[in-house]
Amino acid sequence: MGPFRLETCARPNILSLQPYRCARDDYKDDGTNILLDANENAYGPSLDVLGSLHSDCSNPNGAIDPKKLDIDLLGLHRYPDPHQTELKQQLCKLRNLHTHTTRDLSPEHLFVGVGSDEVIDALLRCFCTPSHDKILTCPPTYGMYAVSAQVNDVKIVKVPLDPAKEFQLQPKAINAALSSDPSIKLVYVTSPGNPTANLLEKSDIQQLLEHPTWNGVVVLDEAYIDFSPDGASLAEWVTEWPNLVVMQTLSKAFGLAGIRLGTAFTSPEIARLLNNLKAPYNISSPTSALAIAALQPDNIAVMRKNRARIMEQRQRLVHELPKISRIGRFLGGTDSNFLLVEVLDKPKNHGGKPSNESAMALYEGLAETRGVVVRFRGKEMNCEGCLRVTVGTSAEVDRLLAEIRSLLKDEKLIDPSTNGGECRTKKAGEMKEQEASDVVA
């Protein structure tokens, strides 16, 4: 055997990485499961090729006729546009609302990547020196920031969201951390939050941007912004603040998770750095064509119609879930296409308290015996006993509510020492909870 040894050749931080786990690792889309775990758009893509704008089409996964989309299939032997100027123009048109500034976004303010995950990673590679610099996050938050930080050998400083204020930022505590540690180069904040589903206060974000001595960048992740009130996006604010990046995606409200298109609105100077370090042809021709199509007026109308359906079902869940005796409070807000809700160890009128054991039992019972997949979030900071539930179609919400009611009548779910009739030790239960919580979605 030669001298090669993987354990001494590979980077130590990569060797120590836990396998990346995503929503489809645990439960597959087998055609029968109801998938309410990854915050996808249950009504399908925002493309009017199905005629859904003028009907009550309940089959969002029907076949799309490529002849009705401007995709040059015969041109796939050529590399795509490396600059994506037309796509960037359409994205600017979408966000130039002049709600927060009179200035205009232009393509020079944009970087587009393979989902928001590429944007997160590109920012780390751009601003953070491995083994030296740090990022700051505000848990509970999106898990990909930590995954990308570990890949890039960057440490994390954490300043939690304030649960007493519906998971808002603690700007004074964040600014104190920035003052005390100049190695922090990026602050990742999420609005609406994931898993907390609430918009952050604009004034709190402004306090971070106005820090008098910190030399770093505030990264505002707006993946779910189109489920919030109109005008909530701060994308156009990058024309006012040179140290602001606003990330967005077409995966959520536009229902295009499969094309993997993420965006970063920022200053022309930062956008230039990001575009300089990206792979030359990172956005494929089909992705670009589908994204441009989705941003046309007819398809934006489809997005808004589907969004209205989701918001209607979101309100229905807000109204119906608390009627179930062992469902507790909603934590955070209702500004997204999902809700964060507590599961109690016993009925409310018997003094029930949020319980990770009960939440995990309900999560597993729904997925493994009823074919309804949600997301366990009880291991997230200040989220004891919580499930995150994506808002589905009317039929999916019917099924979800019925199955939760049925399962929570089962006495085995009340006893935290049992699950499906099998005794679980505390240690084994905690391991299963951690495995479920490690899913990045």
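**Close-up views of a predicted model**

Among contacts in the protein between residues at least 6 apart in sequence, 71% join residues at least 24 apart. Keep in mind that this is a predicted model. The legends below start with the whole chain and then zoom in.

**View 1. The whole protein, with its 14 helices and 15 strands**. Of the 441 residues, 54% are buried. The accessible surface adds up to about 20,000 Å², and carbon and sulfur atoms account for 52% of that.

**View 2. Strand 2 (residues 110–113), covered on both faces**. Side chains in a regular strand alternate between the two faces of the sheet. Here Leu110 and Val112 sit on one side, Phe111 and Gly113 on the other, and all of these are buried. Strand 2 runs antiparallel to strand 8 (residues 262–265), and four bridges join the pair. One to pick out is Gly113, whose bridge partner in strand 8 is Gly262.

**View 3. An open sheet of four strands, ordered 9-10-13-12**. The pairing in this sheet is antiparallel. Which strands stand at the edges? Strand 9 (327–331) and strand 12 (375–376) do; each has a single partner strand, so one side of each has no neighbour in the sheet. As a reminder, strands of a sheet pair through backbone hydrogen bonds, either parallel or antiparallel.

Walking across the sheet in that order, strand 9 meets strand 10 (residues 338–343) over three bridges, in the antiparallel sense. Phe330 has Val341 of strand 10 as its bridge partner. Next, strand 10 is joined to strand 13 by five bridges, again running antiparallel. In that pairing, look for Glu342 opposite Cys386 of strand 13. Last comes strand 12, which pairs with strand 13 over two bridges in the antiparallel sense. There, Phe376 has Leu387 of strand 13 as its bridge partner.

**View 4. Strand 13 (residues 386–390), seen residue by residue**. How many of its five residues are buried? The count is five of five. Cys386, Arg388 and Thr390 point one way from the strand, while Leu387 and Val389 point the other way. Note that Arg388 is on the buried list along with the others. Two of these residues also appeared in the sheet view: Cys386 stands opposite Glu342, and Leu387 is the bridge partner of Phe376.

**View 5. Helix 12 (residues 356–369) against helix 13 (residues 394–407)**. Two packed helices are described by the angle between their axes and the distance between the axes. For this pair, the axes come within 10 Å and cross at roughly 120°. Helix 12 and helix 13 are therefore oblique to each other. The crossing of helix 12 past helix 13 is right-handed. On the helix 12 side, the contact is made by Leu362, Gly365, Leu366 and Thr369; on the helix 13 side, by Glu403, Ile404 and Leu407.

**View 6. Asn13 and the stretch it touches, from Gln150 to Asp153**. Asn13 belongs to helix 2 (residues 12–15). Is Asn13 buried or exposed? Its relative accessibility is 11%, so Asn13 counts as buried. Leaving aside residues up to four places away in sequence, Asn13 touches Gln150, Val151, Asn152 and Asp153. Take Val151: the C-alpha atoms of Asn13 and Val151 are 6.8 Å apart, although 138 residues separate the two in sequence.

Asp153 itself deserves a look. Its phi is near 60°, a positive value in a residue other than glycine. Asp153 lies in the loop between helix 6 and strand 4 (155–158). With 24% relative accessibility, Asp153 counts as partly exposed.

**View 7. Asn39, with a positive phi in a buried setting**. Where is Asn39? It is in the loop between strand 1 (34–35) and helix 4 (85–95). The phi of Asn39 is near 60°, which is positive even though the residue is not glycine. Asn39 has a relative accessible area of 0%, so it is buried.

**View 8. Cis peptide bonds at Pro140 and Pro195**. Pro139 and Pro140 are joined by a cis peptide bond with omega about 0°. Pro140 is in the loop between strand 3 (134–137) and helix 6 (144–151). What is omega for the cis bond from Asn194 to Pro195? That value is near 25°. Pro195 is found in the loop between strand 5 (184–190) and helix 8 (202–209).

Technical notes
Residues are numbered from 1 along each chain as its sequence is written. This is a predicted model: local features need pLDDT of at least 70, side-chain atom pairs count only at pLDDT 80 or more; totals for chains, interfaces and linings use all residues. Side-chain values use heavy atoms; hydrogens and water are left out. Buried means under 20% relative accessible area, exposed over 50%, partly exposed in between (1.4 Å probe, protein chains only). Two strands pair if DSSP finds at least two bridges between them. Contact means heavy atoms within 4.5 Å. Accessible areas come from the Shrake-Rupley method with a 1.4 Å probe; for residues, only the protein chains shown count as cover. Axes are lines fitted to C-alpha atoms, for helices over the stretch in contact, and angles run from 0 to 180 degrees between N-to-C directions. Angles under 35 degrees count as roughly parallel, over 145 as roughly antiparallel, 65 to 115 as roughly perpendicular and the rest as oblique. A crossing is left-handed if the near helix is turned anticlockwise from the far one by less than a right angle, and right-handed if clockwise.
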